[in-house]
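Here is a note for a colleague who is beginning to read assemblies of protein chains. Please keep the sequence and the structure open while going through the numbered points below.

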Amino acid sequence: MMDTQRPLDALGKSINTNITVFLKDGKEIKGRLKAYDLHMNVALENAKFEEKEYPMIVVRGDNVLYVSL
Amino acid sequence: MMDTQRPLDALGKSINTNITVFLKDGKEIKGRLKAYDLHMNVALENAKFEEKEYPMIVVRGDNVLYVSL
Amino acid sequence: MMDTQRPLDALGKSINTNITVFLKDGKEIKGRLKAYDLHMNVALENAKFEEKEYPMIVVRGDNVLYVSL
Amino acid sequence: MMDTQRPLDALGKSINTNITVFLKDGKEIKGRLKAYDLHMNVALENAKFEEKEYPMIVVRGDNVLYVSL
Amino acid sequence: MMDTQRPLDALGKSINTNITVFLKDGKEIKGRLKAYDLHMNVALENAKFEEKEYPMIVVRGDNVLYVSL
Amino acid sequence: MMDTQRPLDALGKSINTNITVFLKDGKEIKGRLKAYDLHMNVALENAKFEEKEYPMIVVRGDNVLYVSL
Amino acid sequence: MMDTQRPLDALGKSINTNITVFLKDGKEIKGRLKAYDLHMNVALENAKFEEKEYPMIVVRGDNVLYVSL
């Protein structure tokens, strides 16, 4: 690669900020990013999904279309 | 990664507490988390799914959309 | 992980007992658990599926939603 | 694991016997098991599928729901 | 395994012979097998598919239901 | 391989240029490529998707059909 | 294997020639093959897809049904 930066490094810069996870089925999950891994599994604090709120959720990465930071 | 915490560590903190597993097909399984692994396979004690109760189930991780802790 | 137990260990404790495998398509296979592996492939003795009985079947793990022990 | 036997070992005991492979789409392939591997790829001799017969086929394991021995 | 033969070895014995690749969607590709690998990727010479002919094609293994030798 | 170049090297040459990511569902995401990896996960700056704009998104590679450079 | 040739070697012989990539959804992408890898990711120069032309695209291998050389 000509660039030493990896795409998931962008997630690392967003730890403890609010992000939006766009799922493959068109839905969105919002929350404060607490942790992620290389599969794009993400732990979100104070998450909102379909008008419900959750103190902490872990989203399985294979459901993700993209993450907006 | 800028954060040393991994997203599945959040599951580790919830061992022996009641969690809800939201499946990709929109259904939910509730139960007491006994164990998990990196695929998000989870062992749940006293699990409830579709109005039935089970002493112990093991959910295959690839069915999971997200887990609420 | 904060817990040394792995979710599939629960299957190990159920060797030679009757279990129910719930498939992703909503169907169920019952039988006596003889062996399993980390993919949740399971060998079932005296298995029952869709009103038929089989002396021994091997179910491929990727069809599994959850296993009830 | 508490049991040293692996689920696919059951296939090893059925080499050169007639087995039935049940596919995820509900169809069945019958034949004499000549070889298998850990993906549940199977080589079947004198195979029958949808009213046709084949001297030798190799079924890709990811199509398999379960194998009856 | 109780048998030292692997299922894909059957493909090795069919190099330079005409085979039929049955796809998951029910279609068939015929051709002279030139090479294969463990994913069941196959290179076929003088291949026929849907009434067209091709001098050489490479089929991606994950589309394969079974191969008839 | 007869060629030392890898297909994803083409992405490396496009860092900091505008690219279009064509998704499997027929939609398009445009943006300035900041980083990519071998799974075709891509980080896009000033991304546009379905008439919305995002300062930075990370697209999960398994949604990608192709990338136009 | 009885044959030392691997199926993707056929792609290596087609570098800098025009090929056609047939996708799983029935569509075709044509272009000059510049690079490929073991996942059948391919970089195509002067690519044509659905009546549009692109100077360079990278197709993700998991969309491919077969490649005609």
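1. A good place to begin is the contact between chain A and chain B, to which chain A brings 25 residues and chain B brings 21 residues. Please bear in mind throughout that this is a predicted model. When chain A and chain B are put together, about 1,900 Å² is buried between them, and 62% of that area lies on carbon and sulfur atoms. Of the area that chain A buries against chain B, 34% comes from A:Y36, A:V58 and A:R60, which is more than any other three residues supply.

2. Which side chains meet in a salt bridge between chain A and chain B? The count for this pair of chains is one salt bridge, and its partners are A:D62 and B:K24, with a distance of 2.5 Å from N to O. Alongside it, the interface of chain A and chain B holds nine residue pairs in polar contact, with both residues of a pair at pLDDT 80 or more.

3. On the side of chain A that touches chain B, at least two residues come from each of the strands β2 (28–36), β3 (42–49) and β4 (52–59) of chain A. The element that gives the most to this side is β4(A), with seven residues. Sorted by class, the residues of the side of chain A that touches chain B are 15 nonpolar, three polar and seven charged.

4. The strand β4(A) also pairs across the boundary between the chains, for it runs antiparallel to strand β5 (residues 64–68) of chain B, and three bridges join the two. To find this pairing in the structure, one may look for A:I57, whose bridge partner in β5(B) is B:S68.

5. Turning to the other neighbour, 21 residues of chain A are in contact with 25 residues of chain F. Chain A and chain F bury about 1,800 Å² between them, with 62% of this area on carbon and sulfur atoms.

6. The interface of chain A and chain F has one salt bridge by the rule applied, and in it A:K24 is joined to F:D62, where the closest N and O atoms are 2.5 Å apart. Nine residue pairs are in polar contact between chain A and chain F, again with both residues at pLDDT 80 or more. Strand β5 (residues 64–68) of chain A makes the greatest contribution to the side of chain A that touches chain F, namely five residues. That side of chain A is made up of twelve nonpolar, four polar and five charged residues.

7. Here too strands pair between chains, since β5(A) and strand β4 (residues 52–59) of chain F run antiparallel and are joined by three bridges. Within this pairing, A:Y66 stands opposite F:V59 in β4(F).

8. How are chain A and chain F related as copies, and why do they meet through different surfaces? In general, two copies of a chain are related by a rotation about an axis and a shift along it. Chain A superposes on chain F by a rotation of 51° with 0.0 Å of shift along the axis, at an RMSD of 0.0 Å. Only 10% of the interface residues of chain A are also interface residues in chain F, and therefore the copies meet through different surfaces.

9. Finally, some pairs of chains do not touch, and among them are chain A and chain G, whose nearest C-alpha atoms are 15 Å apart. Chain C and chain G do not touch either, with their nearest C-alpha atoms 19 Å apart.

Notes
Residues numbered from 1 in each chain as written. Chains lettered and ligands numbered in written order. Predicted model: local features only at pLDDT ≥ 70, side-chain atom pairs only at ≥ 80, totals over all residues. Heavy atoms only, no water. Least-squares fit on C-alpha atoms with pLDDT ≥ 70 in both. Contact = heavy atoms within 4.5 Å. Buried area = accessible area lost by both parts, 1.4 Å probe. Salt bridge = Lys/Arg side-chain N within 4 Å of Asp/Glu carboxyl O. Polar contact = N/O pair within 3.5 Å; in protein donor to acceptor, adjacent residues only side chain to side chain. Helix = DSSP H or I, 4+ residues; strand = E, 2+ residues; numbered from the N terminus. Nonpolar A, V, L, I, M, F, W, Y, C, P; charged D, E, K, R; others polar. Pairing = 2+ DSSP bridges.
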